[in-house]
Amino acid sequence: MIVLRPPGGRSLRLRPRALAVGAALTLLAVVLGGLTLVGVDRPAPDVPAILAGGGNPADRFILLDLRLPRLATALGVGAALGLAGAVCQSLLRNPLGSPDVLGFTQGAATGALVVVVLGGGSLALGGAAVAGGLATGLLGYALVGRHGLAGHRVVLVGIGVTAILSGVNGYLLTRAPLTDAARAALWLTGSLDGRGWVNALPLLAALAVLAPAILASGRALRMIELGDHLATALGVPVGRLRPLLLAAAVALVSLAAAAAGPVSFVALTAPHLARRLTRAPGPNLLPATLLGAALLVAADLVAQHAIAGQQLPVGVVTGVIGGSHLVWLLAVGRRSGRL
Amino acid sequence: MQTVPSRLAGRAMTLAYERRTVAENLTVAVPDHSFTIIIGPNACGKSTLLRALARLLRPTAGAVLLDGGDIQRRPTREVARVVGMLPQSSVAPDGITVADLVARGRHPHQGLLRQWSRDDERIVAGAMADTGVADLADRPVDELSGGQRQRVWIAMALAQQTPLLLLDEPTTYLDIAHQVEVLDLCARLHEEQGRTLVAVLHDLNQAARYATHLVAMRDGAVVAAGEPRQVVTAALVKEVFGLPCRVIDDPETGTPLVVPAAPRRTGNRHQPA
């Protein structure tokens, strides 16, 4: 533990290990991001020159209009999912309490599918996704009730809600015209193919506003992990803070779903891996955010290049990684009697 | 009771959960610098009263007064600097160390830019020393025994440095030796640091031994309050718990000791024919 005490009565508390993990994850994201920009199979000749305004038009198009927005979307979606997952798991004091298990992601998908079926622009899609996610959140909140927020009930209600919404989503797909349905089905697995700035910017803007606000409540979240009563007794206004933090997490997850589709398991996996790496108790918000971003960029690289000549949707890769992690988590949790 | 100064008191409170009313028109005062212990049968409302006093439950009528003002009107953080509360059987986050958990007691005194001052460091070290857990500082809390864990929680509440400290059944799930250890610790904190302690306890004899002020409750009402010697009588135990008993002097401390009456035996059962 490092304590910095600049003059003026201020003090900061830093964990060296968490700092090192954060730096390593940032470096990893930068390297993988650079790899995405330079390209693996068709290297762009001179990335710095193009970014500075040079290069020939074809290379400029590939880099600025294809690879850069794709990378920005991947970073934004990963960061949003990692952060939202850490917030939810911490608020619910449940390692399974992530937005995809709770049904928020499916709810956002339902909202977006309605727009796909009815026809509408990206802005409408984003709006509908957020509305769908928030509506699912409110529904879950109402079903669980004020007192049962921690524990199995939330997860069970979430599984039920998710099942209902998958049915709704399946129905919406059958109502869509064939071409739209094919596009929607691809979107439903979570994909970064052909993402432009129009997909990335709303999410990045929301992250710029919400991420600092959420990170600033990290100390309060650490207290909420001690239980509502104790947190309140220690001066945290739990009753006011929890709905705000949940709403912020749902908004991030929904906008991420609007940008790339419901990419599965990143929100569940990133906070766990972050905690294992830092070995620090508490929500580990920033490490989870960075890990989510690095994880999604890595998954996208794998998705693009794992099978030669064929692009997988990134959601397939995160699904395989995250699904295995979930199974492992359940096995270990069962053994230690925590789940 | 009106003449004793009291920073924390409940006046004409109705305490209720969503559908169930636990107490009506309940008035109670915590004398300053006392070790107040609340006793009563199961479901008599004693833990509910403690929650109301800690601002964790809002009375549907009446009010809890802190320094003469309605506690509900004070911000959570401000109350947390005056009234500490240790709920029953708290669960520590996975893998947290003793020093980390105790340090969390400093939260109401900290901020985003004031995360760990020299005062914080000194007070946390002091709280761990006072409760005898300084040697365990780097151990994970989930590896400790029940008695050690309870001392760690008390250390956390001490680090909060509140003049008033409320404890909800601090001895639950502990064996008799650890119960005594925790209560001795509370008594010492009360005597040496002059803090006002309020605890809910199950064991009448322990309550009579350690309390300076005893509150006996039944069915959401205070039946008697005062010094243990005045409160704990055979008649009161019969009235509150429905238990016939004799009250004698505790041979160790001279405080009242409740000895339950033995059921009268007729003498002709199980006799060989």
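**Buried polar residues, sheets and enclosed space in a predicted model**

A:Asn199 is buried, because its relative accessible area of 16% falls under the 20% limit. The model that shows this is a predicted one. A:Asn199 belongs to helix 9 of chain A, which covers residues 197-216. The side chain of A:Asn199 has a polar atom 2.9 Å from the backbone nitrogen of A:Gly196. Once neighbours within four places in sequence are set aside, A:Asn199 is in contact with A:Gly194 and A:Ala259. A:Ala181, by comparison, is 18 residues from A:Asn199 in sequence and 20 Å from A:Asn199 in space, C-alpha to C-alpha.

Chain B offers two further polar side chains to look at. B:Asp120, in helix 4 (residues 118-130) of chain B, has a relative accessible area of 0% and is therefore buried. A polar atom of the B:Asp120 side chain lies 2.9 Å from the backbone nitrogen of B:Ser117. Leaving aside neighbours within four places in sequence, the contacts of B:Asp120 are B:Arg106, B:Gln110, B:Arg114 and B:Gln115. B:His190 sits in helix 6 (residues 176-193) of chain B, and with a relative accessible area of 12% B:His190 also counts as buried. Here the partner is a backbone oxygen: that of B:His33, which the side chain of B:His190 reaches at 2.7 Å. Not counting residues up to four places away in sequence, B:His190 touches B:His33, B:Ser34 and B:Phe35, as well as B:Arg195, B:Leu197 and B:Thr212.

Turning to the strands, chain B contains an open sheet of 4 strands in the order 2-1-4-5, with antiparallel pairing. Its edges are formed by strand 2 (21-30) and strand 5 (69-70) of chain B, each of which pairs on one side only. Strand 5 is joined to strand 4 (residues 61-66) of chain B by 2 bridges in the antiparallel sense, and B:Leu66 stands opposite B:Gly69 of strand 5. In general, the strands of a sheet pair through backbone hydrogen bonds, in either a parallel or an antiparallel way. The parallel case is found between strand 6 and strand 7 (residues 164-168) of chain B, which pair over 4 bridges. In that pair, B:Leu86 stands opposite B:Leu167 of strand 7. Strand 6 (residues 83-86) of chain B is covered on both faces. B:Val83 and B:Met85 on one side are buried, and so are B:Gly84 and B:Leu86 on the other.

B:Val83 appears again in the lining of the largest cavity. The model has 3 cavities of 30 Å³ or more, and the largest cavity holds about 40 Å³ of space. Alongside B:Val83, the lining takes in A:Thr232 and A:Ala233 from chain A, with B:Ala54, B:Arg55, B:Thr76, B:Val79 and B:Ala80 from chain B. Two elements give two or more residues to this lining, namely helix 11 (228-233) of chain A and helix 2 (76-79) of chain B. By class, the lining of the largest cavity has 5 nonpolar, 2 polar and 1 charged residues.

Open space is represented here by the second largest pocket, with about 970 Å³. This pocket is lined by 29 residues, of which A:Arg13, A:Leu14, A:Ala18, A:Arg222 and B:Gln115 are the closest to its centre. From chain A, strand 2 (12-14), helix 1 (16-38), helix 9, helix 10 (218-224) and helix 14 (285-305) each give two or more residues to the lining, and from chain B helix 3 (98-103) does so. The lining of the second largest pocket divides into 17 nonpolar, 6 polar and 6 charged residues. Two of the names are already familiar: helix 9 of chain A holds A:Asn199, and B:Gln115 is one of the contacts of B:Asp120.

The backbone adds two points worth a look. Most residues other than glycine have a negative phi. A:Asn284 instead has a positive phi, near 50°. A:Asn284 is placed in the loop between helix 13 (266-278) and helix 14 of chain A, and its relative accessible area of 9% means that A:Asn284 is buried. In chain B, B:Gln161 has a positive phi of about 55° although it is not a glycine. B:Gln161 occupies the loop between helix 5 (146-159) and strand 7 of chain B. B:Gln161 is partly exposed, with a relative accessible area of 41%.

Conventions:
Residues are numbered from 1 along each chain as its sequence is written. Chains are lettered from A and ligands numbered from 1 in the order in which they are written. This is a predicted model: local features need pLDDT of at least 70, side-chain atom pairs count only at pLDDT 80 or more; totals for chains, interfaces and linings use all residues. Side-chain values use heavy atoms; hydrogens and water are left out. Buried means under 20% relative accessible area, exposed over 50%, partly exposed in between (1.4 Å probe, protein chains only). Two strands pair if DSSP finds at least two bridges between them. Contact means heavy atoms within 4.5 Å. A polar contact is a pair of N or O atoms within 3.5 Å; within protein, one must be able to donate a hydrogen and the other to accept it, and residues adjacent in sequence count only if both atoms are side-chain atoms. On a 1 Å grid over the protein atoms alone, a cavity is a set of points where a 1.4 Å probe fits but cannot get out, and a pocket is an open set with protein on both sides within 12 Å along at least five of seven lines; lining residues have an atom within 4 Å of a point. Grid points are joined across faces, edges and corners, and a volume is the space filled by probe spheres set on the points. Ala, Val, Leu, Ile, Met, Phe, Trp, Tyr, Cys and Pro count as nonpolar, Asp, Glu, Lys and Arg as charged, and the others, Gly among them, as polar.
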